[in-house]
Amino acid sequence: MSTTNDLVIALKKELKAAQMTYADLACALGMAESSVKRMLAKGDMPLSRIDAICRALSLDFADLARRVADSQPLLQEMTPEQERAVVADRKLLLMAICVLSQWTLEQIVATYRLTEAEGIGYLAQLDRIGIIELRPGNRYRLRLAKTFRWHARGPVMEYFRENAVLDYFGGGFDHPGEGMLMVHGSIARHLAPSFVERIQRLAHDFSQQHLQDQRLAPEQREGYTLVLAMRSWEFSAFRALRRS
């Protein structure tokens, strides 16, 4: 939730954008200019005063609050406690995956056995956890950065290792648009990070294409899951055959 200081910072930006001086604002508020300067410098004022400044700027308080929310730093990762809250309920986890894919509430309840009331309840939970900012009309804004990743050894990835890995890799990967490659090789250690960066770029490209294609009709899209990985690894059955 935004602090009063965040709102004051946003108001200063709005004053500058409107080319309104402190003297102009003081006149509109019926205050001395020195008092206005002191008030904004301290960044401490009641919401009623912020509302009065909004009126002087012909600015809706709700719009100001949204701009403050939009300016908040996005999460690069979540805490273990937040991740545990997500995986504690299978339907909540489903909802989290759907919002990460930018699905609307209408799309979610039309696709899965969730009532609208359940969907709204889960959106509210995701808002409390910090994944989204719930807005009027059951719309939402993701609070996660484009570079967001689940913790490699966190509760969410552990859940997928235990419950989804075999299900995913049990497929044949032989339909159009599918494929699986496993390439083994020995390369210079200092080159490995560059290959990981390329993997990350491909994942980013895939995510960007997903966002771009949300404009297409549902029948023109197909759901895909891209799994990319690279690690120093030897199959345990082979490792057992190594000479001591």
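The dialogue below goes through several features of this structure one at a time.

User: What kind of model is this, and how are its residues numbered?

Analyst: This is a predicted model, in which local features need pLDDT of at least 70 and side-chain atom pairs count only at pLDDT 80 or more, while totals for chains, interfaces and linings use all residues. Residues are numbered from 1 along each chain as its sequence is written, and side-chain values use heavy atoms, with hydrogens and water left out.

User: How many salt bridges does the structure hold, and where does glutamate 33 form one?

Analyst: Side chains of opposite charge can pair when their charged atoms come close. The term salt bridge is used here for a side-chain nitrogen of Lys or Arg within 4 Å of a carboxyl oxygen of Asp or Glu. The structure holds ten salt bridges, and in one of them glutamate 33 pairs with lysine 37, with 3.5 Å between the closest N and O atoms. These two residues are four residues apart in helix H3 (residues 33–42), so that about one helical turn separates them; helices (H or I, at least four residues) and strands (E, at least two) are DSSP runs, numbered from the N terminus.

User: Which salt bridge does glutamate 81 take part in, and is glutamate 81 buried or exposed?

Analyst: Accessibility is read in three classes: buried means under 20% relative accessible area, exposed means over 50%, and partly exposed lies in between (1.4 Å probe, protein chains only). Glutamate 81 meets arginine 84 in a salt bridge of 3.4 Å, N to O, and the two are three residues apart in helix H6 (residues 80–87), about one helical turn. Glutamate 81 counts as exposed at 52% relative accessibility, whereas arginine 84 is partly exposed at 45%.

User: What is the partner of arginine 242, and which residues are joined into a network by shared salt bridges?

Analyst: Arginine 242 forms a salt bridge with glutamate 234, where the closest N and O atoms are 2.7 Å apart. Arginine 242 is exposed, with a relative accessible area of 58%, and glutamate 234 is partly exposed, with 25%. Salt bridges that share partners also join Glu133, Arg135 and Arg141 into one network.

User: How many aromatic pairs are there, and what describes a pair of rings?

Analyst: A pair of aromatic rings is described by the distance of the centres and the angle of the planes. Rings of Phe, Tyr and Trp (its six-membered ring) pair if their centres lie within 6.5 Å, and planes under 30 degrees apart count as stacked, over 60 as edge-to-face and the rest as tilted. The structure holds eight aromatic pairs. Tryptophan 103 and tyrosine 112 form a stacked pair, at 6.1 Å centre to centre with 25° between the planes. The pair of phenylalanine 148 and tryptophan 150 is edge-to-face, because the centres are 5.0 Å apart and the planes stand at 80°. Both phenylalanine 148 and tryptophan 150 are buried.

User: Where do strands E1 and E2 run, and how many bridges join them?

Analyst: Two strands pair if DSSP finds at least two bridges between them. Here four bridges join strand E1 (residues 132–135) to strand E2 (residues 139–142), and the strands run antiparallel. Arginine 135 stands opposite arginine 139 in E2. The two strands form a hairpin with three residues between them, and glycine 137 in the turn has a positive phi of about 75°. Asparagine 138 also lies in the loop between E1 and E2, and its C-alpha is 7.1 Å from that of leucine 105, although 33 residues separate them in sequence.

User: Which residues have the most contacts inside the largest nonpolar core?

Analyst: A nonpolar core is a set of buried Ala, Val, Leu, Ile, Met, Phe, Trp, Tyr and Cys residues joined through side-chain atoms within 4.5 Å. The largest one has 24 residues, and those with the most contacts inside it are Met95, Val99, Leu123, Leu126, Ile131 and Ile132. H6, helix H7 (90–100), helix H8 (105–111), helix H9 (116–129) and E2 each supply at least two residues of this core, and H7 gives the most, with six residues. Apart from this core lies another, of 20 residues, among them Leu11, Leu25, Met45 and Ala52.
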